[in-house]
Amino acid sequence: MTLYMKLGGRKAIMRAMPRLLTRLEQDPCFNLGNFRREFERSDDLSEFLIFLSGGAPFYDGKPICELLSPICTCADVYERFVDHLISVLLVGRQAATADEADLRELMNRLRPHVLDPKPVRPELVYSVGPDLLSA
């Protein structure tokens with residue numbers, strides 16, 4: 001059974017996101033700024049969590065480093081984010097210790113990508129004028 005299934009699937013992850021936002025807003029360590037708008041406009045964080053936990057074969061949303069780097073500015077703040085995330089995803093769950101350990105491990109592997117994102121090489125894009133496109 002995947003972590004995704006243990007967490008309760010897509011519906012459970014989607015239901016946890018408003019609680020996560022509320023917890024982050026109440027925590028003085030977080031300055032949500034643009035994150036709040038991004039969070040309310042898109043489901044990128046929840047879709048990424050679905051992918052990360054094994055519920056989707058791919059993720060094509062905004063890169064996670066762009067989503068979390070603005071609010072997770074150091075290792076301590078990232079750990080607080082993970083604590084909040086785990087508390088909303090595993091609220092009221094029996095035998096959640098193994099699931100918590102699995103989720104913490106996944107988030108620990110993600111930490112370098114959030115805290116120290118590497119620049120992405122630009123890709124060369126060639127443009128073609130409309131006169132060359134006609135047959």
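In which helix does R10 lie? In this predicted model, R10 lies in helix α2, which covers residues 9-26. That residue makes a handy entry point, so let us begin with the overall fold and then come back to it.

**The fold as a whole**

The protein has 8 helices and 0 strands. Read from the N terminus, its elements run α-α-α-α-α-α-α-α. Of its 135 residues, 36% count as buried. Contacts that span long stretches of sequence are well represented: among contacts between residues at least 6 apart in sequence, 67% join residues at least 24 apart. The protein exposes about 8700 Å², and carbon and sulfur atoms supply 55% of that area.

**Around R10 and helix α4**

Back to R10, then. With a relative accessibility of 35%, R10 counts as partly exposed, because that value falls between the 20% limit for buried and the 50% limit for exposed. Leaving out residues up to four places away in sequence, R10 touches Y4, E47 and I50. R10 and G55 are 45 residues apart in sequence, yet their C-alpha atoms are 7.6 Å apart in space.

One of the residues that R10 touches is I50, which is among the buried residues of α4. How many of the 9 residues of α4 are buried? The count is 7, and the helix is mostly covered. The buried set consists of D44, L45, S46, F48, L49, I50 and L52. Just after α4, G54 takes a positive phi of about 100 degrees.

S46 is a good residue to look at within helix α4. S46 counts as buried because its relative accessibility is 3%, below the 20% cut-off. Not counting residues up to four places away in sequence, S46 touches I13, M14 and M17.

**Aromatic pairs**

The structure holds 4 aromatic pairs. Two of them are set out here.

| Pair | Geometry | Centre to centre | Angle between planes |
|---|---|---|---|
| F35 and F39 | tilted | 5.5 Å | 45 degrees |
| F48 and Y59 | edge-to-face | 5.2 Å | 80 degrees |

The F48 and Y59 pair links distant parts of the chain. F48 sits in helix α4 (residues 44-52), whereas Y59 is in the loop between α4 and α5 (64-68), 11 residues away. Both F48 and Y59 are buried. Ring pairs also bring F51 into the picture, linking F48, F51 and Y59 into a cluster.

The F35 and F39 pair has another setting: both residues lie in helix α3 (residues 33-41), 4 residues apart, about one turn of the helix. An α-helix has 3.6 residues a turn, so residues three or four places apart point the same way. F35 and F39 are both buried.

**The largest pocket**

F35 turns up again at the largest pocket, which has a volume of about 160 Å³. Which residues come closest to the centre of this pocket? Of the 13 lining residues, they are N34, F35, E38, K62 and P70. The elements that give two or more residues to the lining are α3 and α5. The largest share, 6 residues, comes from α3. By character, the lining divides into 5 nonpolar, 3 polar and 5 charged residues.

**H84 and V91**

Two residues further along the chain round off the tour. Is H84 buried or exposed? H84, found in helix α6 (residues 75-89), counts as buried because its relative accessibility is 11%, under the 20% limit. Setting aside neighbours within four places in sequence, H84 is in contact with L20, R23, L24, D27 and F30.

V91 is in the loop between α6 and α7 (96-115). With 52% relative accessibility, V91 counts as exposed, because the value is over the 50% cut-off. V91 and L7 are 84 residues apart along the chain, and their C-alpha atoms are separated by 9.9 Å.

How values were computed: Residues numbered from 1 in each chain as written. Predicted model: local features only at pLDDT ≥ 70, side-chain atom pairs only at ≥ 80, totals over all residues. Heavy atoms only, no water. Phe/Tyr/Trp six-rings, centres within 6.5 Å; stacked < 30°, edge-to-face > 60°. Buried < 20%, exposed > 50% of the residue type's maximum accessible area, 1.4 Å probe, protein only. 1 Å grid on protein atoms, 1.4 Å probe; cavity = no way out; pocket = protein on both sides within 12 Å on 5 of 7 lines; lining within 4 Å. Points joined across faces, edges and corners; volume = space filled by probe spheres on them. Nonpolar A, V, L, I, M, F, W, Y, C, P; charged D, E, K, R; others polar. Contact = heavy atoms within 4.5 Å. Areas by Shrake-Rupley, 256 points an atom, 1.4 Å probe, with all protein chains shown as cover.
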